[in-house]
Amino acid sequence: MARHIVCLTFDFDALSGFIARGLTSPTPISRGEFGVVGAERIVALLQRHGIRATWFIPGHTIETYPDACRAVAETGHEIAHHGWTHVPPANLTREQEEAGLVRGNAAIRRLTGQDARGYRSPSWDLSPHTVELLLQHGFLYDSSMMGHDYLPYRARSGDRMALEEKASFGAPTRLIEMPISWSLDDHPHFEYFRSDGITLPGLRPAAGVLENWFDDFDYMTRIANWGVITYTCHPYVIGRGHRMLMLERLIERLAARGAVFAAMEDAAREWAAQGA
Ligand SMILES: [Zn+2]
């Protein structure tokens, strides 16, 4: 029996991503604030379609917007770890990274009564310590790497990469990697961003992104009997009207094509149960 799983994931960064980049003046902060509006719309949409999704929420968002986060948790979604601050682990010392894991989990525990099973690094950049730290802190999976498109795999620890040497791969660990991709992330497609020397144009028509996203699922159904595809959305990005309609159309088209929607922790466990 073919089974094609879709994980809808929402990175509820709100203000934290702007603060981590030093953008603390009123307009960028208001841009993050819109995430709360978007989150409410997304929760309602998922409820209408009976979908359990995964929300990666920084501790900063949980503590700043307790009511909005409670509304997400109370509708049954998986709450996963996305740092306490939104600073990527690659820019932290090992001690800072571990402190953020502990503090973020404490916020999630207060919200849901349990630690996170899943982790996604801010800006998708892991440190050399992340995999080991996630295992030490009892995580089931990470969702920050791009080594496959529809198959989870075991994350390695101890890779050594040097410019003039062949790659030296570390050993696979127990940590399950639920791969992602920038092409299946709403942010680079849609979000106009300007800072010193960099302009990310974004603002693409949603219908074109919808076609890309649907086709990646369609392709998986053609080449695999079992697979999982992960879409990454940010409430302050996808929460705008034309993009919310795109998300709804995507859900409808995927469902019509036989998609099974699942929270990421359940997809990870299902993959592991196959003995992989
Ligand atoms: Zn984020």
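Biologist: In the loop between which two elements is Arg204 found?
Modeller: This is a predicted model. Arg204 is 16 residues from Pro188 in sequence, and the two C-alpha atoms are 9.2 Å apart in space. The loop that holds Arg204 lies between strand E9 and helix H8 (206-223).

Biologist: Is Arg204 buried, partly exposed or exposed?
Modeller: The relative accessibility of Arg204 is 34%. Buried means under 20% and exposed means over 50%. Arg204 therefore counts as partly exposed.

Biologist: Which atoms coordinate the zinc ion, and at what distances?
Modeller: The donor residues are spaced D-x68-H-x3-H in sequence. Asp13 appears twice among the donors, through OD atoms, and the other two are NE2 of His82 and NE2 of His86. The distances are 2.1 to 2.4 Å.

Biologist: Why is the arrangement of the four donor atoms around the zinc ion irregular?
Modeller: Four donors count as tetrahedral if all angles lie between 85 and 135 degrees, and as square planar if opposite donors are over 155 degrees apart and all others between 65 and 115. Around the zinc ion, the four donor atoms subtend angles of 55 to 139°. Because that range fits neither description, the arrangement is irregular.

Biologist: Are His82 and His86 buried or exposed?
Modeller: The cut-off for a buried residue is a relative accessible area under 20%. His82 has 1%, and His86 has 5%. Hence His82 is buried, and His86 also counts as buried.

Biologist: What is the volume of the largest pocket, and which residues are the closest to its centre?
Modeller: The volume of the largest pocket is about 400 Å³. The lining consists of 22 residues, divided into nine nonpolar, nine polar and four charged. Closest to the centre are Arg21, His86, Ser123, Trp182 and His187.

Biologist: Which helices and strands each supply at least two residues of the lining of the largest pocket?
Modeller: His86, a donor to the zinc ion, is one of the residues closest to the centre of this pocket. The elements that each supply at least two lining residues are helix H1 (16-20), helix H7 (186-190), strand E8 (193-195) and strand E9 (198-200).

Biologist: Which strand gives the largest share of the lining of the second largest pocket?
Modeller: The second largest pocket has a volume of about 330 Å³. Among its 13 lining residues, Leu126, Val131, Met145, Arg156 and Asp159 are the closest to the centre. By class, the lining comprises six nonpolar, three polar and four charged residues. Its largest share, five residues, is from strand E6 (residues 153-157).

Biologist: Which residues of strand E2 (residues 54-57) point one way, and which the other way?
Modeller: The residues of E2 named here are all buried. Thr54 and Phe56 point one way, and the other way point Trp55 and Ile57.

Biologist: How many bridges join E2 to strand E3 (residues 78-81)?
Modeller: E2 also pairs with strand E1 (residues 3-11), in the parallel sense over three bridges, and there Phe10 stands opposite Trp55. With E3, Phe56 has Ala80 as its bridge partner. E2 and E3 run parallel, and the bridges that join them number four.

Biologist: How far apart in space are Leu245 and Leu45, C-alpha to C-alpha?
Modeller: Leu245 is located in helix H10 (residues 241-256) and is partly exposed, with a relative accessible area of 44%. In sequence, Leu245 and Leu45 are 200 residues apart. In space, their C-alpha separation is 9.9 Å.

Technical notes. Residues numbered from 1 in each chain as written. Predicted model: local features only at pLDDT ≥ 70, side-chain atom pairs only at ≥ 80, totals over all residues. Heavy atoms only, no water. 1 Å grid on protein atoms, 1.4 Å probe; cavity = no way out; pocket = protein on both sides within 12 Å on 5 of 7 lines; lining within 4 Å. Points joined across faces, edges and corners; volume = space filled by probe spheres on them. Nonpolar A, V, L, I, M, F, W, Y, C, P; charged D, E, K, R; others polar. Donors = N, O, S within 2.8 Å, 3.2 Å for Na, K, Ca; no water. Tetrahedral: all angles 85-135°; square planar, octahedral: opposite > 155°, others 65-115°. Buried < 20%, exposed > 50% of the residue type's maximum accessible area, 1.4 Å probe, protein only. Pairing = 2+ DSSP bridges.
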